[in-house]
Amino acid sequence: MSDAAFEVVQDLTPALGSELRVDREALLSGRVAADIRRLLDERLVLSFRAIGLSPEEQVRFASTLGPIGNQDRGGILQVSQNPDVNPDAEVADYQRASLTWHFDGFYGGIPDYATMLNARVLPETGGETHVANAVMAFADLPADEQEYLETLWVVHDVESAMRSVYPWPTHAQLQTWQKSGQRLFPLVWRTKSGRKSLLLGHSASHVRGMSLPAGRTLLCRLCEWVTQPRYVYTHSWQMGDLLLWDNAGSLHKASPYPETSRRLMDRTALLGDNGWEGRSSYFFTAEDDASV
Ligand SMILES: [Fe+2]
């Protein structure tokens, strides 16, 4: 590292994750932002144990790394099933889907660059965060399979994500979910630097141009491949922990926890860019249906 204010305490697993010790002032000033971005690209998950940032400090730190989302909420989305914190039942429902593997930001049409979580209230049991290295998992596939997968496009939608929470939705729920339309993403996401990862998870409905069973079997197989234990880091939370992960290069999920626990995570989204050669995603229209 180029800055003495910045130290890697330990690597968390061989495949991904590093725990850092960072001078607080350096972190908030942006002086170590370039080092953090570089290490995030390399290790995908960065852990700042019990650093205890306030919401304002969290937003200030995140802003040193790039543009952030949820500006209308001050840069923080409160992730909680506590109705006092999160009275909007629809938002709480969407957050329940975080118990299955996914990436953040599909709804906006571009995967978020990174996600930052700050532990504010911990559950008595459960609630761990799991992150899987989708860059390494892709790199470990045979070259001919990589080449084939790079030709495929995947349709993502809210309905697919929400069926993990409600396997038998009501008509009204389906109508609500389908209002947000569908997004088309390349199966293999490539950043401007050329890094490739598998873009999968609970929002993935099917593969364009492939029969539903064949496409869904492929997506299932790849998701199992990415999330096998050797590619996964599991974070057991302590109060004040801050976890930052490379969202477009990984999949993540939370372990179940009691909904009465009042668990609260402050989440800041670091926005993504258009990726490689404009090969991002686009909003699906009715005319696209024929080609699905
Ligand atoms: Fe998430």
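The following is a conversation between a visitor and a guide about the predicted model shown above.

Visitor: What kind of model is this, and how are its residues and side chains treated?

Guide: The model is predicted, and local features are reported at pLDDT of at least 70, side-chain atom pairs at pLDDT 80 or more, while totals for chains, interfaces and linings use all residues. Residues are numbered from 1 along each chain as its sequence is written, and side-chain values use heavy atoms, with hydrogens and water left out.

Visitor: How do you know what confidence the predictor gives to the protein?

Guide: The pLDDT, which is the predictor's confidence in each residue on a scale from 0 to 100, averages 91 for the protein, and 92% of the residues score at least 70. Over residues 282-287, however, pLDDT stays under 50. Where pLDDT is low, the predicted coordinates should not be read in detail.

Visitor: What makes His 102, Asp 104 and His 252 donors of the iron ion?

Guide: Donors are N, O and S atoms within 2.8 Å of the metal (3.2 Å for Na, K and Ca), and His 102 through NE2, Asp 104 through OD and His 252 through NE2 coordinate the iron ion at 2.2 Å, so these atoms meet the definition. Water is not among the atoms, so a site may look incomplete. Along the chain the donors follow the spacing H-x1-D-x147-H. Asp 104 lies in the loop between α4 (89-96) and β5 (114-121), whereas His 252 belongs to strand β14 (residues 250-254), so the pair ties together parts that are 148 residues apart in sequence.

Visitor: How do you know where a helix or a strand such as β14 is to be counted?

Guide: Helices (H or I, at least four residues) and strands (E, at least two) are DSSP runs, numbered from the N terminus. The UniProt record, an unreviewed entry, places the feature "domain: TauD/TfdA-like" at residues 10-267, with positions given in the numbering used here, feature names shortened, and annotations that may be inferred rather than shown by experiment. Over residues 10-267 the chain is 30% helix and 25% strand.

Visitor: Why is Arg 267 called buried, and what is Asn 70 called?

Guide: Buried means under 20% relative accessible area, exposed over 50%, and partly exposed in between (1.4 Å probe, protein chains only). Arg 267, in strand β15, has 14% relative accessibility and therefore counts as buried. Asn 70, which lies in the loop between α3 (55-65) and β4, has a relative accessible area of 22% and is therefore partly exposed. Asn 70 also has a positive phi of about 50° although it is not a glycine.

Visitor: What makes Pro 14 and Asp 84 exposed?

Guide: Pro 14, in the loop between β1 (6-11) and β2 (18-22), has a relative accessible area of 83% and so is exposed. Asp 84, in the loop between β4 and α4, is at 61% and so also counts as exposed.

Visitor: How do you know which residues Arg 267 is in contact with?

Guide: Contact means heavy atoms within 4.5 Å, and, leaving aside neighbours within four places in sequence, the residues in contact with Arg 267 include Asn 70, Leu 77, Asp 104 and Met 116. The C-alpha atoms of Arg 267 and Met 116 are separated by 5.6 Å, although the two are 151 residues apart along the chain.

Visitor: Why is a space called a pocket, and which residues are closest to the centre of the largest one?

Guide: On a 1 Å grid over the protein atoms alone, a pocket is an open set of points where a 1.4 Å probe fits, with protein on both sides within 12 Å along at least five of seven lines, and lining residues have an atom within 4 Å of a point. The largest pocket has a volume of about 1,100 Å³, a volume being the space filled by probe spheres set on the points, which are joined across faces, edges and corners. Of the 41 residues that line the largest pocket, the closest to its centre are Leu 77, Tyr 94, Asp 104, Gly 105 and Arg 267. Helix α4 gives the most to this lining, with 4 residues.
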